[in-house]
Amino acid sequence: MKVRTFHAAPNIPERISHLHDLAMNLWFCWNWEAVRLFIRLDPKLWEECYQNPVEMLGRLSQKDFDEAAQDESFVADLERVYEHFQDYINRQNWYTKKHGDKQGFLTAYFSCEYGIDEGLPIYSGGLGILSGDHLKSASDLGLPLVGIGLLYQKGYFRQRLNLDGWQEEAYPINDWYNMPVTLLRDGNSDPLKISLDIAGDEMHLQIWKVQVGRVPLYLLDSNIPENSPQHRDITDQLYGGDRDMRMRQELVLGIGGIRALDALGLSPTVYHVNEGHSAFLALERIRKLVTDEALTFQQAREVVQASTVFTTHTPVPAGNEVFDIDMVKKYLAPHAIGMGLSWQDFAALGAADKTTQDHKTFSMPALALRLSAFANGVSKLHGAVSREMWKGLWPDLIEDQVPITSVTNGIHTCSWLSHDLADLFERYFPPRFKESPEDPEVWENIDDIPDSELWRVHQARRERLVFFVRKRLSRQLARQGAGSSAMKMAEEALQPEALTLGFARRFATYKRATLLLKDPERLKRLLTHPERPVQILFAGKAHPQDTEGKELIKSVIHFARRPDVRNRVVFLEDYDINVARYLVQGVDVWINTPVRPMEASGTSGMKAAANGVLNLSITDGWWAEGYNQDVGWSLGGGTDVCDPKERDRVESEALYNILEREVVPLFYDHDRTALPRGWIKMMKDCFKSLGWRFSAHRMVREYAERAYFSAHDATLKLRADTFAKAKETAAWRSKLAEAWPEITLETQSELPKTTILVGDTIPLKVRAHLGSLTPEDVRIEAVYGLIDPYGKITHLETITMQQQVNDDGWITYFAEFPCKQSGQYGFAVRAVPNCECVTVPCAPSLVTWE
C-alpha cells in the first residue's frame, strides 16, 4: 500500500494568529505571561499535551478558537504578550552594546542533548538542561550562536514504577509535526538534506529547526525512508543501543553537524564542543581544509585548534567516552586518508596520554583536548580534577599548569524562578533584572522586600508543591492498580506547613540517594516529630542498564511505604523539567550527597538557590564555591575519606546532626508574628550571594569574553591571505619540534646561606644553549612556590627570565622572585616555546627542564 502524506495546520482566526508564532518559539517557556495565555485557552488540555503549545493548538476545537477570538480580554492579552516578544527579538542587548563590532562572529554550539522545555523531550538530565540554558542565555544576551544536536524519535525514556518500586522504561514516539520544530526545505520545497559515509554506506539526514528566542537550534534526523533500517535508528533514542550505535550517533553529530552548517550557508568562527560526544567535528573540519584549501594537516590543525572550545563534564576516567580502536578504524579510516595522516598518527589523536604507542582505544575527550585552544571543567574543583585526570597529555608540565581551566556552570534564571517570586521581584527589583540577572547589584534589592511578603510567597509555593505531589502521586498509584486505602493516603500525603526536604537527580550510586536512610529509626524520629515534622520528596531516574541505581530507587520507595512514615516521604516518578521546576521552587532545603569529587558541577542546587531554597550539600562541584555559613550547610568539610563505608557513616552522621541541631530548629523558630526571621535572613543572603554568581548569563558571558571572542579573532587572522598565518605558524612549530632536543639549561645561581626573610627577593641566573633556535623562538621561565609535604611546588607562579648576555653560543638569563610568606620554597627552570609570536597563546607542547 502506497501512503501519501500531507500536513494539516489548525485554522486559527486572524485576530489570534500570533498564538502560532508564540508556540513555535521556545521564548514562551521562560515567559510566564506567554504560558498563561495557553493555559487560559484550556487548562486541562495544556496538561494533557505535556505543556506543548503546538500540540495543544492542534487539538483545540474550532469553537474554542472562535470563542477566544471574540474574547476582547484574551485578544488584548495576546497582543500585549506578542508586543513584548517582538521587543525582545529586536531590541538592543549586551552583545550589540558591548561587542557589536565583531564582524562575522558566530559560535556553533554542539551538544548531544538539549533540555529546553518539557514539551520537547530530547534530553535526559543535567547535560541537556545546561545546554538548553546556554542557548536561552545566549539569546537573552544577543550573542550570535547556533546550536547543533540530534532529533531523537523517542528521546529519553519515560519512567514507570511497578508496585514493587522497580523502574520500568517506556519510549513514546515523538510526533514532530505537533511539536515546536520545523523541517527545513530547499529551493524546491523538498526537505533540506545532507549525506555522509557510514562504513561504506551512504546515509542521508534531514534538518529540523527549533527557535529558542533569538537562537536557532538545528537538529539532525536520520529517520527517513531512503536510509536503511540500521541508519534510520541512529536518531532513535538518546543514549540508547550498544557501543556501535553510540559511535554512529557521534559521527552524525560531529561530522553531520559540520555538513549541516555548510548546507545552511553558515560559517561559524567558533566551535564549542560541549562534552566529547561531538569531538569528531574537529576531524571533519581538518579534512575539509586539507581537501578544499590544499592545506597540510598541521596547517589545518592550526586553524581548527584556534577556533575550538571544549568543555568537559566528566570527573572520573570511567565516565569518559572511549571507543575500541578497531571500531574507530571501521568508520574513520577514510577520514585519516582525507586528512593526510597515517593510521598510526590518526589513532594517536585519541590516545589517553602522550606516551601511548599501542593504540587500543580512542578517547573522545583526549581528541577534543588535543584539538582545542580553550578547554575547561565546569567548576573550580572540577577544573583541578580534570587537570589531574588529563596530565598525561602534557607529561612535561606541572599539574597546575595543565591547560584546562574552569568556567563554573550556571542556570537560566527566568526559566527556573517561580512566577510568584518573579512577580514579587518585579515590584522591588529594577527593570533590568530579567535582562541582567548576573548583576550583583540587582540582587541587593532583596533587602527591600518585607520578610512577611517573601515568606508568604515561599509558603504559597510549598503549598502548590504539596497539591502537585498529591495529584501526581494519585495518578501514579492509579496506573499501578493500587487499592483504595493507598489512594486515600496519596490524597493526604505531606503537609503544606512542614519543613520540606528535596532530593532529585539521576540515581547513580555515587550520588548516594540513600545516605539519608542509613539510620531509619533516627530519620523516623525527624519525620514524625509531633511539633516539628519533616517531610522528604525524592525523584530521579536510573539509566536503563544501571541495576544498582534501580535498586536505590526501590529501597527509597520501600522505605516511603512504611506505615509510620508513608505520609512524610514520597518518590515522584518520571522526573523531568516540570517536576524539577515544582521541586526547586517549593521545597525548603535541597539535599545533595555525592561522593566528592565526583559531582563535576551540579545545577539543581543552583535552581533551588535562585528560589531562596537553602542547600545542604557535600562541598563538591558548584557548592565548593557557593557555600558559606550564611547561605546553607556544608557536609564533608572538603575532606576525602578513603574507606567508602567509613566515609558514608561519617557523612550520614553529619547529615543527621545538621538536620537535628541546625536546620529543624531554625525553620521552626518563629517570632511573635509567626515568622522564622533567622530562616528568612538566610534566604535573603542566599539570593544576594548566589543568585547572580550562578546565573547562566554570567557563564555565557564568561565563555564569550574568555574563549569565544579570542577564538574568533584568531580565526580571522589565520584564514586571512589564503591562510598565510596558519602556514607560517605550522612551519614555525615544525622547526621547533626538530630543533628542540638541542636546548640545554644550566642554573648558575647560589642560594643565600643566611636566613631569608619575607619580603626578600632571590636572584636567579641561568645559561641556555638554544642550538639552531633563537631567543625569539624560546622563552626561559622560572617556576616557583611553596613546597608541600609531598615535595611538590604549590601556589605556583611563573616569571619570564630576561636575556642579557651572549657568551660563546650560550645565552645568559636573569630574574628574581620575591618571598611573599614564610615557609619552604622551591623553584625550577624550564625552556618553553615563545607562543607570544603565534596567533593563539598555547600551553607548551615542548618543555625542557634543567
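Let's start at His272: leaving out residues up to four places away in sequence, it touches Thr107, Ala108, Tyr109, Phe110, His134, Val309, Thr311, Tyr703 and Tyr708. Keep in mind that this is a predicted model. His272 sits in strand 9, residues 270-274. Its relative accessibility is 0%, so it counts as buried, the cut-off being under 20%.

One of those partners, Tyr708, is a good next stop. Again setting aside neighbours within four places in sequence, Tyr708 is in contact with Phe105, Thr107, Tyr109, His134, Leu143, Leu145, Val270, His272, Val309 and Tyr703. Tyr708 also belongs to the largest nonpolar core, which has 157 residues; together with Ile16, Leu143, Phe280 and Leu332, Tyr708 touches the most other members. Helix 29 (residues 696-739) supplies the largest share of this core, 13 residues. Apart from this core lies another one of 95 residues, including Leu501, Val613, Leu635 and Met683. As background, nonpolar side chains tend to be buried together in soluble globular proteins.

Now stay with helix 29 and look at what packs on it. Two packed helices are described by the angle between their axes and the distance between the axes. For helix 12 (residues 297-306) and helix 29, the angle is about 145 degrees and the axes are 8 Å apart. The crossing of helix 12 past helix 29 is right-handed. On the helix 12 side, the residues involved are Gln298, Gln299, Glu302, Val303 and Ala306; they meet a set in helix 29 that includes Ala711, Leu718, Phe723, Ala730 and Arg733. By type, the residues of this contact split into 8 nonpolar, 3 polar and 4 charged.

Phe280, named above for its core contacts, leads to helix 11. Here 10 of the 14 residues are buried, so the helix is largely enclosed by the rest of the structure. The buried set is not purely nonpolar: Glu284, Arg285 and Arg287 are among them, alongside residues such as Phe280, Leu281 and Val290. What end-to-end length should helix 11 have? At 1.5 Å a residue, its 14 residues (280-293) should span 20 Å, and the end C-alpha atoms are 20 Å apart, which agrees. Right after helix 11 comes Ala294, with a positive phi near 60 degrees.

That brings us to some backbone oddities. Most residues other than glycine have a negative phi, and most peptide bonds are trans. Glu275, in the loop between strand 9 and helix 11, has a positive phi of about 75 degrees without being a glycine. Glu275 is also buried, because its relative accessible area is 7% and the cut-off is under 20%. Ser189, another non-glycine, has a positive phi of about 70 degrees; look for Ser189 in the loop between strand 5 (182-183) and strand 6 (193-198). As for the peptide bonds, the one joining Arg596 and Pro597 is cis, with omega about 5 degrees. Pro597 falls in the loop between strand 18 (589-592) and helix 25 (604-609).

Last stop: Gly785, in strand 23 (residues 778-787). Is Gly785 buried or exposed? With a relative accessible area of 4%, Gly785 is buried. Beyond its neighbours within four places in sequence, Gly785 is in contact with Ile793, Thr794, His795, Gln824, Tyr825 and Gly826. Gln824 is 39 residues away along the chain, yet the C-alpha atoms of Gly785 and Gln824 are separated by 8.5 Å.

Notes
Residues are numbered from 1 along each chain as its sequence is written. This is a predicted model: local features need pLDDT of at least 70, side-chain atom pairs count only at pLDDT 80 or more; totals for chains, interfaces and linings use all residues. Side-chain values use heavy atoms; hydrogens and water are left out. Helices (H or I, at least four residues) and strands (E, at least two) are DSSP runs, numbered from the N terminus. Buried means under 20% relative accessible area, exposed over 50%, partly exposed in between (1.4 Å probe, protein chains only). Contact means heavy atoms within 4.5 Å. The expected span of a helix is 1.5 Å times one less than its number of residues. A nonpolar core is a set of buried Ala, Val, Leu, Ile, Met, Phe, Trp, Tyr and Cys residues joined through side-chain atoms within 4.5 Å. Axes are lines fitted to C-alpha atoms, for helices over the stretch in contact, and angles run from 0 to 180 degrees between N-to-C directions. A crossing is left-handed if the near helix is turned anticlockwise from the far one by less than a right angle, and right-handed if clockwise. Ala, Val, Leu, Ile, Met, Phe, Trp, Tyr, Cys and Pro count as nonpolar, Asp, Glu, Lys and Arg as charged, and the others, Gly among them, as polar.
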